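Dear colleague,

I am passing on the structure we spoke about, with the sequence alongside. Please have it open while you read the notes that follow.

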Amino acid sequence: MTFADPIFFLLFVPLGLLIWLRERKAQVFNARLPFPSLDIVKSLPGTWRTHFRGVPAYAVYAGLALAIVAMARPQTLLKGEQARARGIDIMIALDTSGSMRALDFNPKDRMTVAKQATKSFISHRQFDRIGLVAFAGIAILQCPLTLDYGSLLEFLDQVEVGVTTTENTAIGTAIATAANHLKRSTAKSKVIILVTDGRNNSGEIDPITAAKAAAGLGIKIYTIGVGIRGQSVIPVDTAWGKQLVPIQEDLDEPALNEIAQTTGGRYYRAASTKEFDEIFGEIDKLEKTEIKGPTSHEFQDHYLGWLMMAMVCLCTGLWLSMTIWRTVP
């Protein structure tokens, strides 16, 4: 249906009914002849108006037929193209251990900056399925692979320090959890982005073993170490209120570098907000695989021409019935 549909019902239908009623009324009155016999009438010579008295009705019928054609909305296919895009499957594993509250990016903590950089990365992706794993002492699937970035960002907003546990860091378990959700992927490129500020000190799966298993599934792992070098501070609630307690750097860079190299990925160190953005910008240039989307079509409508012809026929029929072929009871 189109915007023209109300015109058909509000204009053409009442117009057609009006002409039909006029013709019907004329037939009723014309049947009452004041002659005792039709022989006299039949012997009268006809005029051109009597020979073509059906023209108004035919014009109305033609107008209604043309209106029906216009309602069918005739179109011409201009072109049809199948949308093609290039996308990958990405699982983001985000550390939620207590040390992510360290204020390395004064006044922001590591978790806040990591989430902001991740949101920016997601907003620049198209046609990529992205999922989210949150981990500390254990790992949980926060969001499965999806193209619904709005829902993904909502799940990311819900990730906070301690959403799993606040103690320990199970990097091997996080890799295994993310790889488990990528193993059935048919994408040409499968990637895990591991964001952490610590070292593996929990879980039953060794990170290097998990990385080798991921490599066997064709998964690349890009590791990002979060935090400044040396000492940092972390807010702690005490009996005297919130205080800043110094903590030492505990980032296992050699292990993170080995995890990345084992899978053909790369290790990055993010010690500032700018570095975080640059790292995700570089990952944004990863190899992409072609995805075929739905076919889009472009049409040219022709109903307007038929509509104009219908209006001309209807108006002509009405005008003729009220002027040249007007009948008087």
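**What was found**

Helix α11, which spans residues 303–322, is where W319 is found. Please keep in mind throughout that this is a predicted model. On the surface, W319 joins W48, F52, V55 and I324 in making a nonpolar patch of about 520 Å².

As for the chain as a whole, the protein has 11 helices and 10 strands, and buried residues make up 40% of its 329 residues. The area that the protein chain exposes comes to about 18,500 Å², of which carbon and sulfur atoms supply 58%. Among the contacts in the protein chain with a separation of 6 or more, 80% are accounted for by residues 24 or more positions apart.

The other residue that I would like to hand over in some detail is D89, whose place is in strand β2, a strand that covers residues 89–95. Is D89 buried or exposed? D89 counts as buried, because its relative accessibility is 5% and the cut-off for buried is under 20%. The side chain of D89 makes a polar contact, at 2.8 Å, with the side chain of R129. When neighbours within four places in sequence are left aside, R129 also appears among the residues in contact with D89, together with L145, L182, S185, A187, S189, K190 and V191.

With best wishes

Technical notes. Residues are numbered from 1 along each chain as its sequence is written. This is a predicted model: local features need pLDDT of at least 70, side-chain atom pairs count only at pLDDT 80 or more; totals for chains, interfaces and linings use all residues. Side-chain values use heavy atoms; hydrogens and water are left out. Patches are made of residues with over 30% relative accessible area and no salt bridge: like charges are joined within 9 Å, nonpolar side chains (Val, Leu, Ile, Met, Phe, Trp, Tyr) within 5 Å. Accessible areas come from the Shrake-Rupley method with a 1.4 Å probe; for residues, only the protein chains shown count as cover. A salt bridge is a side-chain nitrogen of Lys or Arg within 4 Å of a carboxyl oxygen of Asp or Glu. Helices (H or I, at least four residues) and strands (E, at least two) are DSSP runs, numbered from the N terminus. Buried means under 20% relative accessible area, exposed over 50%, partly exposed in between (1.4 Å probe, protein chains only). A polar contact is a pair of N or O atoms within 3.5 Å; within protein, one must be able to donate a hydrogen and the other to accept it, and residues adjacent in sequence count only if both atoms are side-chain atoms. Contact means heavy atoms within 4.5 Å.
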